[in-house]
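I opened the notebook to look up contacts, burial and charged pairs in one chain. The entries follow in the order I made them.

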Amino acid sequence: MLSLDADLGGGLSFYDLVAADVDLLSHTAGGSYEDDRLNAVLRGLAPVERQVVFAYAEDDGATWSEAAAAVGAANREAFGERVRRKSKRLAAEQRRRAEQRHAASIGRDSHQETLPVVPEPGTER
């Protein structure tokens, strides 16, 4: 189980990636999370990068460098920083896409045209 408060760097946490409902963090049968935003971020990471994120989230490392060391990364400082930046970038992309979808749905709702009803031939009054 991961803590929602786990800092991903730059003020970003898992809480930023998921809805307030903690049940969304439960795994599906395939081992993925029910929240597609979190899955999208995790899919964007290589397996060893995911291990660093999980190690960081589970407090196996107080810093990204320590999390990278916990999974056996050779150059822990550089690798930890790279994973931090990549996770932050992927999460920002998920937020941008969600905002874009939200704006598009608002635009569709406010700009829907009502088409005139045209009577069928022979039914005109």
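Entry 1. I began with Glu81, which is partly exposed, with a relative accessible area of 30%. I noted that the model is a predicted one. I then looked for the charged partners of Glu81. The side chain of Glu81 meets that of Arg84 in a salt bridge, 2.6 Å from N to O. Both residues lie in helix α5, three residues apart, which is about one turn of the helix. Glu81 also meets Arg85 in a salt bridge, and here the N to O distance is 3.5 Å. Glu81 and Arg85 are four residues apart in helix α5, again about one turn.

Entry 2. I looked up how accessible the two arginines are. Arg84 has 18% relative accessibility, so Arg84 counts as buried, the cut-off being under 20%. Arg85 has 46% and counts as partly exposed. I also wrote down a network: salt bridges that share partners join Glu49, Arg82 and Lys86.

Entry 3. I followed Glu49 from that network. The side chains of Glu49 and Lys86 form a salt bridge of 2.9 Å, N to O. This pair links distant parts of the chain, with Glu49 in helix α3, Lys86 in helix α5 and their positions 37 residues apart. Is Glu49 buried or exposed? I found a relative accessible area of 2% for Glu49, so this residue is buried. For the whole structure I recorded a count of seven salt bridges.

Entry 4. I turned to the nonpolar residues. The largest nonpolar core has 16 residues. Val52, Trp64, Phe79 and Val83 are those with the most contacts inside this core. I listed the elements that give two or more residues to the core: α2 (36-43), α3 (47-57), α4 (64-70) and α5 (76-110).

Entry 5. I picked Phe79 from the core and asked which residues Phe79 touches, not counting residues up to four places away in sequence. I got Val48, Glu49, Val52, Ala68 and Ala73. Glu49, in this list of contacts, is also the salt-bridge partner of Lys86.

Entry 6. I searched for aromatic pairs and found one in the structure. Tyr56 and Trp64 form this pair, and their rings are stacked. The centres are 4.2 Å apart and the planes are at 10° to each other. I kept both values because a pair of aromatic rings is described by the distance of the centres and the angle of the planes. I checked the burial of each partner. Tyr56 has a relative accessible area of 9% and is buried. Trp64 is buried too, with 7%.

Entry 7. I went to helix α2 and looked at Ala40, which lies there. Ala40 has 18% relative accessibility, so Ala40 counts as buried. I then asked how far apart Ala40 and Leu90 are in sequence and in space. They are 50 residues apart in sequence, and 8.1 Å apart from C-alpha to C-alpha.

Entry 8. My last residue was Gln94, in helix α5. Which residues does Gln94 touch, leaving out those up to four places away in sequence? I found Arg37, Ala40 and Val41. Gln94 is buried, with a relative accessible area of 15%. Ala40, a contact of Gln94, is the buried residue of Entry 7.

Conventions
Residues numbered from 1 in each chain as written. Predicted model: local features only at pLDDT ≥ 70, side-chain atom pairs only at ≥ 80, totals over all residues. Heavy atoms only, no water. Core = buried A, V, L, I, M, F, W, Y, C linked by side-chain atoms within 4.5 Å. Buried < 20%, exposed > 50% of the residue type's maximum accessible area, 1.4 Å probe, protein only. Contact = heavy atoms within 4.5 Å. Phe/Tyr/Trp six-rings, centres within 6.5 Å; stacked < 30°, edge-to-face > 60°. Salt bridge = Lys/Arg side-chain N within 4 Å of Asp/Glu carboxyl O.
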